[in-house]
Amino acid sequence: MEETKYYVFDCDTDLYKLSQKINNIFKEVKEKRPLSIIIVQYGYAEICVDDNIGCSLDINGLALDFETSCISFDTKNKVLSLAVTFYENDCPVIKVKIIDKG
């Protein structure tokens, strides 16, 4: 059975509180996964990670840290979308999208 949770964040906000919310989502993913791997999809990239995922403040905005990979972006006029899919006996998948407000 598969369950997907969608999160959308306006990045023109208190970045510290936003990073805490994202870290809570990542913590939930780590606790609920049946296997040790988490798959992160961003654009055409797919990254397999273990426990080392988190969100931190960056010089220009936010940084999503996935072991040795990092997605850092300027948060001005941006929306962050996370889709987290949990599978019964497989790795969870986190799909990351950074969208311009336009």
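The following dialogue shows how to read several features of this predicted model.

Q: How many strands does the sheet with the order 4-5-6 have, and is the pairing parallel or antiparallel?
A: A sheet is read from its strand order and from the sense of each pairing. Here an open sheet of three strands has the order 4-5-6, and its pairing is antiparallel. Strand 4 and strand 6 are at the edges with a single partner strand each, so one side of each has no neighbour in the sheet. From one strand to the next, the twist averages 15 degrees.

Q: How many bridges link strand 4 and strand 5, and which residue stands opposite serine 56?
A: Strand 4 (residues 53-57) pairs with strand 5 in the antiparallel sense over five bridges. Within this pairing, serine 56 faces alanine 63 of strand 5, and isoleucine 53 stands opposite phenylalanine 66. The two strands form a hairpin, with three residues between them.

Q: What joins strand 5 to strand 6, and which residue in the turn has a positive phi?
A: Strand 5 and strand 6 (residues 69-74) run antiparallel and are joined by six bridges. Leucine 62 stands opposite phenylalanine 73 in strand 6. These strands also form a hairpin, here with two residues between them, and glutamate 67 in the turn has a positive phi of about 50 degrees.

Q: Is strand 5 mostly covered or mostly exposed?
A: In a regular strand, side chains alternate between the two faces of the sheet. In this model, strand 5 (residues 61-66) is mostly covered, with five of its six residues buried. Leucine 64 illustrates its surroundings: apart from neighbours within four places in sequence, its contacts are Ile22, Phe26, Gly54, Cys55, Ser69, Cys70, Ile71, Leu80 and Val96.

Q: What is the strand order of the open sheet of five strands, and which are its edge strands?
A: The order is 1-7-8-2-3, with mixed pairing. Strand 1 (2-10) and strand 3 (45-49) are the edge strands, each pairing on one side only. The twist averages 20 degrees from one strand to the next. At one of these edges, strand 2 (residues 38-42) and strand 3 run antiparallel and are joined by five bridges; valine 40 stands opposite isoleucine 47 there.

Q: Where does helix 1 lie, and which strands does it touch in the sheet of three?
A: The placement of a helix is read from its contacts and its direction. Helix 1 (residues 15-32) lies across strand 1, strand 2, strand 7 (78-87) and strand 8 (93-100), and runs at about 170 degrees to strand 1. In the sheet with the order 4-5-6, helix 1 packs against strand 4 and strand 5, its direction making about 175 degrees with that of strand 4.

Q: Which residues touch the most other members of the largest nonpolar core?
A: This core has 25 residues, and Ile22, Leu64, Phe66, Leu80, Leu82, Ile94 and Val96 touch the most other members. Helix 1 supplies the largest share, five residues.

Q: Why does serine 81 count as buried?
A: Serine 81 is buried because its relative accessible area is 16%, and the cut-off is under 20%. The residue lies in strand 7. Its contacts, not counting residues up to four places away in sequence, are Tyr7, Val8, Lys95, Val96, Lys97 and Ile99.

Q: Why is the pair of tyrosine 7 and phenylalanine 9 described as stacked?
A: An aromatic pair is described by the distance of the ring centres and the angle of the planes. The count comes to two aromatic pairs. For tyrosine 7 and phenylalanine 9, the centres are 6.5 Å apart and the planes at 0 degrees, so the pair is stacked. Tyrosine 7 and phenylalanine 9 are both buried.

Key: Residues numbered from 1 in each chain as written. Predicted model: local features only at pLDDT ≥ 70, side-chain atom pairs only at ≥ 80, totals over all residues. Heavy atoms only, no water. Buried < 20%, exposed > 50% of the residue type's maximum accessible area, 1.4 Å probe, protein only. Helix = DSSP H or I, 4+ residues; strand = E, 2+ residues; numbered from the N terminus. Pairing = 2+ DSSP bridges. Axes fitted to C-alpha atoms, helices over the stretch in contact; angles between N-to-C directions. Contact = heavy atoms within 4.5 Å. Core = buried A, V, L, I, M, F, W, Y, C linked by side-chain atoms within 4.5 Å. Phe/Tyr/Trp six-rings, centres within 6.5 Å; stacked < 30°, edge-to-face > 60°.
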